[in-house]
Amino acid sequence: MSGLGAALTSSLLLPIALLLLFLRLHSFPASVSAQRGSGSAPRWQTLSGHSPIVVARGGFSGLFPDSSRAAYRFAQATSVPDVVLWCDLQLTKDGFGLCLPDIKLDNSTDVSQIYQDGQNTYMINGATQTGWFPLDFSLAELSTVPLVQGVYTRSEQFNNLFPILTPEDVAALNPAGLWLNVQHDAFYTQRNLSMKNYVLAASRRMVINYISSPEVGFLRSISTRFNPRITKLFFQFNAPSDIEPSTTQTYDSLRSNLTFIRTFASGILVPKTYIWPLDERNYLHSSMPLVLDAHKAGLEVVATDFYNDDVLSYNYSYDPIAEYLQFVDNGQFSVDGVLSDFPITPSAAFNCYAHIGRNASEEVNTLVITKNGASGDYPSCTDLAYQTAISDGADVIDCPIQMSQDGVPFCQSSINLIDTTQATETLNDFLTDVPELKGKGIYTFSLNWSQIQNLTTAISNPFLSYQLYRNPRVSNEGSLVSLADFLALAKDAGSLSGVLINIENAAYLMEKQGLAVVDAVETELSKAGYDNQTALKIMIQSTNSSVLMKLKDKIQYELVYQVDETIGSADPSAVSDIKNFAHSVVISKQSVLAENNAFLTRLTDVVTKLQNANLPVYVQTFSNEFVSQPWDFFADINVELNTYILGTNISGVVTDFPKTPNRYRRSLLGFIQEPSLPPAQAPSLPLTESDIAEAPLPPVRNKSTVDSPPAAQITRGSGLSKGAVAGLVVSVVVILIVALGCFQLRNRGMLARMGIT
């Protein structure tokens, strides 16, 4: 526990504040829809017409060990008020029930360290399994065995802190609903342990709202013993080719016999792919009629296998809210509930995002600025990336300026074409070593625009080291666009509020290549008629103060200074200096909420200091992939957006998935009162005046005197491989929240105040 204690000690203030923030933001009042002036709540396409239920699998098991007290309590604190707590029921050798996610103890507990000789081998559903099984131990023997996180890609910070719980322990938490899942009745029956006797006896001691099982025989044996108005029985479908032990039919064949299932069950529990199947490339097929057929038969449908930290269908662009809405707000049907490891996300999806419509008014006034267009879905800075960004509701589309050898300014995220195109397939003769630009590449200034515009584009995959790919079906689609075409597209869109033009490497291009990039941008803006219009704001961004100083007298531009390093504060002199040449500032997410060893540690004072100087603050980059977010945000980009937008009051977000923040600001979360985050703590690396000061831009060198690269620096070869960039950061809220749960042994007073005892 020393590691956890150190992590918590170093970041205690922010976690508590963030916990309170989340409790406020995700309290999900039942009357929230009325706040929008929409009248009565919409009728859902569920069997009952009511909102789908949220079932927390083992509690908030995406963060805490499955079925731990902290997982259950945290699910109750951060989900809808009527969240249902799920318990996978296992039995000990003395007949007591346990809540454990698997029939074996191996992955979910530390049993192998305590009972090293406790392994056994059993035949389960026709397959031999070896491990530690609950039925080989008494309840007393297992009372000393702690729980651990069974999914190895999740945080291990909360391992060995919580004991195994019984269903009675979970019922003592006073859940709005309790769900017992009986996965292996036949296995226990063969060993003289009766699931039937246990659940019948348990139902006399506590209210059990749902019981599920993949075994027809078990459900039929208890169907007449439960009042369906109190306890609903659900038949669970396993994989389609698996054999149901009672009937010896495949689950796929039972899918076509729903009227039979209705004779002993109120609903069915099905993997989500039974409803929206996937093709071999991980894209959605058309929906199956299962939900509509089940509703016709009088059966409710609860879908399973929802995990924020898994590879979702590419149709969802790594946005877990989008996945939930596909199952409940598609215009055709709605499932009656979902089983989730991250119950905060479906809670938000159902109560804050569903039924809002594409034309819903914005509830928060935050700019959505693109990062290379909608580059999370299409190759960066292509016509398709920009068209998608516009249709997805971006306010400002961006064009990072590069220059061709013949002086054409165009949009591309990198001066090195190897990063963003398949240039190495046809243009290896242009591979050049430029030390000022960090090494070898095929650089834009080495090619004419006619050569560049015909290159095959390549989608950006910044998290490739985690095997997370972006929209592979269109990974090479779309054409690069000149600045002139970009400006025409923006002008014709009608829905945009502005364009952002990013100018980098200006000094090098002017001095070494004879390319007047700043002048070229001004010329194209004038030719496109942007000097004589006010409908679109013109934002010019750079990390170089010298670029912005050159444009200081252009009153029609908003000059945006990008701080290209992570900072912990800003000296007054630095802020004053920025005011001399810029109207707004772009900073990184880590400059707002600081991280240390993969955990958020504090709220910096950077935003406050810049805003106090009347400098709007835009924050980058918000990506949907869960590995881009600290654990504090529960592998959910929407929680991250919520924290930054409402918690820090920034003026805009820079994103490669503009659809996600656009939908967020139209959601009911915008009605939540602005939260208060903790006071800013002492910064680490402040922005100083010396970080900003630069010499003026050099004069443009005459093209005729530009040196050709030395022959020794021109290299033929297979090209450079693109490095995958990733940083799995871990969480703030997560840890501290859990701190509040995990601190059982350490801070019982705090836990008592939070209701976790």
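## Overview

Of the 757 residues in the chain, 58% count as buried. The model is a predicted one. Its chain holds 27 helices and 26 strands.

About 29,100 Å² of the chain is exposed, and carbon and sulfur atoms supply 48% of that area. Among contacts with a separation of 6 or more, 73% are between residues 24 or more positions apart.

## Val338 in strand E11

Strand E11 covers residues 337–340 and includes Val338. Val338 has 0% relative accessibility and therefore counts as buried, since buried means under 20% relative accessible area.

Val338 and Val55 are 283 residues apart along the chain, yet 6.0 Å separates their C-alpha atoms. Val55 is also one of the contacts of Val338, as are Ile53 and Val54, when neighbours within four places in sequence are left aside. On the same basis, Val338 is in contact with Val302, Ala303, Phe306, Tyr324, Pro346 and Phe350.

## Helix H13 and the loop after it

Helix H13 is formed by residues 320–328, and Glu323 is found there. Is Glu323 buried or exposed? Its relative accessible area is 3%, so Glu323 is buried. Leaving aside neighbours within four places in sequence, Glu323 is in contact with Lys272, Phe306, Leu312 and Tyr316. Phe306 is thus a contact of Glu323 and also of Val338.

Asp329 is placed in the loop between H13 and E11. With a relative accessible area of 30%, Asp329 is partly exposed, because that class lies between the 20% limit for buried and the 50% limit for exposed. Which residues does Asp329 touch, not counting those up to four places away in sequence? They are Ala354 and His355. The C-alpha atoms of Asp329 and Trp44 are 8.2 Å from each other, although these residues are 285 apart along the chain.

## A negative surface patch

Four residues, Asp564, Glu565, Asp691 and Glu694, form a negative patch on the surface. One of them, Glu694, lies in the loop that runs between helix H25 (689–692) and helix H26 (733–742).

The relative accessibility of Glu694 is 37%, so this residue counts as partly exposed. Residues in a patch need over 30% relative accessible area, and the 37% of Glu694 is above that cut-off.

Conventions
Residues numbered from 1 in each chain as written. Predicted model: local features only at pLDDT ≥ 70, side-chain atom pairs only at ≥ 80, totals over all residues. Heavy atoms only, no water. Patch = residues over 30% accessible without salt bridge, like charges linked within 9 Å, V, L, I, M, F, W, Y side chains within 5 Å. Areas by Shrake-Rupley, 256 points an atom, 1.4 Å probe, with all protein chains shown as cover. Salt bridge = Lys/Arg side-chain N within 4 Å of Asp/Glu carboxyl O. Lys, Arg positive; Asp, Glu negative; His and termini not counted. Charge placed at Lys NZ, Arg CZ, Asp CG, Glu CD. Helix = DSSP H or I, 4+ residues; strand = E, 2+ residues; numbered from the N terminus. Buried < 20%, exposed > 50% of the residue type's maximum accessible area, 1.4 Å probe, protein only. Contact = heavy atoms within 4.5 Å.
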